[in-house]
Amino acid sequence: MDINELTRKILDRRAKEGDPLRIVQAGHPALRRRAVPARGRIDIELLCELAEAMTATMRAAPGVGLAAPQVGLPLSFYVVEDGFASEPGEDADDDLLERRPLALRALLDPVLEPLGTQRVFAFEGCLSVDGWQSIVPRARRVRLSAVELLRDGRLVEVEEEHLGWTARILQHETDHLAGTLCHDVSVPRSFIDAAYTGHYGDLSEAVRRLGLTGEIADLAPGEVVTG
């Protein structure tokens, strides 16, 4: 099926405009396919409608990112927004993970390049593996090359550097476009029910109580960064 036809079909499944889309769960084949390039393949008006629908879906979930494969569409496109993050000094955990507010963005055909050797370990969840988390190492800093869809429908080339939690969000969503879930690249044995995450606020507790080994075991109490 043509990508425009499939997009229209997915959008039309909603009872009414403005309703969230259905987020597919692990096992759906769209989550394991490599997404096709978006630029030049999908009509701009349809892409804008898709961006609106995906944004509503992400916010309703709630989440900080949503990739097109997560709504059953193998298209290299995602939306990101982190309104849950705090300003510097407001939250010790956010400061540790360098989590800062991220304004809504819609990105086509993103490419990420890790910068430096530092990696940050943190629990991640996924809207397509609802209710579960695992510890995922991510590059602390990345370079993003992408095409951004603006609110007025214009497409602009962007090349930027990001660090901390924003870099993590971008890596998580970009992985979806390659058919990769965050739990595929997580620390072995760290996959847990999200209800237990609070027991492991300090990753040294997760190392001790879950029997984790490897690079994460070298972290001192209160540390999350290696390299």
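How many residues lie between E4 and E5 in their hairpin, and which residue in the turn has a positive phi? The hairpin of E4 and E5 has 5 residues between the strands. Gly 153 sits in the turn, with a positive phi of about 90 degrees. These values come from a predicted model.

## Strand E4 and its partners

Start with strand E4. E4 covers residues 132-149. The strand is mostly covered, since 14 of its 18 residues count as buried.

E4 pairs with E5 in the antiparallel sense, over 9 bridges. In this pairing Ala 146 stands opposite Val 158 in E5.

E4 also pairs with strand E3, residues 102-125. E3 and E4 run antiparallel, and 14 bridges join them. Look for Val 111, which stands opposite Ser 145 in E4. E3 and E4 form a hairpin too, with 6 residues between the strands. In that hairpin Gly 131 takes a positive phi near 90 degrees.

E6 is another partner of E4. The two pair in the antiparallel sense over 2 bridges. Here Trp 132 stands opposite Asp 193 in E6.

## The nonpolar cores

Now look inside. Nonpolar side chains tend to be buried together in soluble globular proteins.

Which residues have the most contacts inside the largest nonpolar core? They are Tyr 78, Phe 121, Ile 135, Leu 203, Leu 212 and Ile 216. The core has 31 residues. Several elements build it: strand E2 (77-82), E3, E4, H4 and helix H5 (203-210) each supply at least two residues. E3 gives the most to this core, with 6 residues.

Another core lies apart from this one. It has 27 residues, among them Leu 6, Leu 66, Val 71 and Val 79.

Go back to Ile 216, one of the residues with the most contacts inside the largest core. Leaving out residues up to four places away in sequence, Ile 216 touches Phe 121, Ile 135, Val 187 and Val 207.

## Trp 165 in helix H4

Is Trp 165 buried or exposed? Trp 165 counts as buried because its relative accessibility is 13%, and the cut-off for buried is under 20%. Trp 165 is found in helix H4, which spans residues 164-177.

What does Trp 165 touch? Residues up to four places away in sequence are not counted here. The contacts are Asp 82, Leu 97, Glu 98, Arg 99, Ala 122 and Phe 123.

His 199 makes a useful landmark. His 199 and Trp 165 are 34 residues apart along the chain. Their C-alpha atoms are separated by 21 Å.

## Salt bridges

The model has 21 salt bridges in total. The table lists some of them.

| Pair | Closest N to O distance |
|---|---|
| Glu 49 and Arg 14 | 3.4 Å |
| Arg 32 and Asp 184 | 2.5 Å |
| Arg 39 and Glu 157 | 2.5 Å |

Take the pair of Glu 49 and Arg 14, whose side chains meet in a salt bridge. This pair links distant parts of the chain, 35 residues apart. Glu 49 lies in helix H2 (residues 44-60), while Arg 14 lies in the loop between helix H1 (3-12) and H2. Arg 14 is buried, with a relative accessible area of 14%. Glu 49 counts as partly exposed, at 24% relative accessibility.

Next come Arg 32 and Asp 184, which also meet in a salt bridge. The pair links parts of the chain 152 residues apart. Arg 32 is in the loop between H1 and H2. Asp 184 is in the loop between H4 and strand E6 (192-193). Arg 32 is partly exposed at 46% relative accessibility, and Asp 184 is partly exposed at 43%.

Why does the salt bridge of Arg 39 and Glu 157 tie together parts that are 118 residues apart in sequence? The reason is location: Arg 39 lies in the loop between H1 and H2, and Glu 157 lies in strand E5 (residues 155-163). Arg 39 is partly exposed, with a relative accessible area of 41%. Glu 157 counts as exposed, at 59% relative accessibility.

Some salt bridges share partners. In this way Arg 8, Asp 12, Arg 14 and Glu 49 are joined into one network.

Notes. Residues numbered from 1 in each chain as written. Predicted model: local features only at pLDDT ≥ 70, side-chain atom pairs only at ≥ 80, totals over all residues. Heavy atoms only, no water. Helix = DSSP H or I, 4+ residues; strand = E, 2+ residues; numbered from the N terminus. Buried < 20%, exposed > 50% of the residue type's maximum accessible area, 1.4 Å probe, protein only. Contact = heavy atoms within 4.5 Å. Salt bridge = Lys/Arg side-chain N within 4 Å of Asp/Glu carboxyl O. Pairing = 2+ DSSP bridges. Core = buried A, V, L, I, M, F, W, Y, C linked by side-chain atoms within 4.5 Å.
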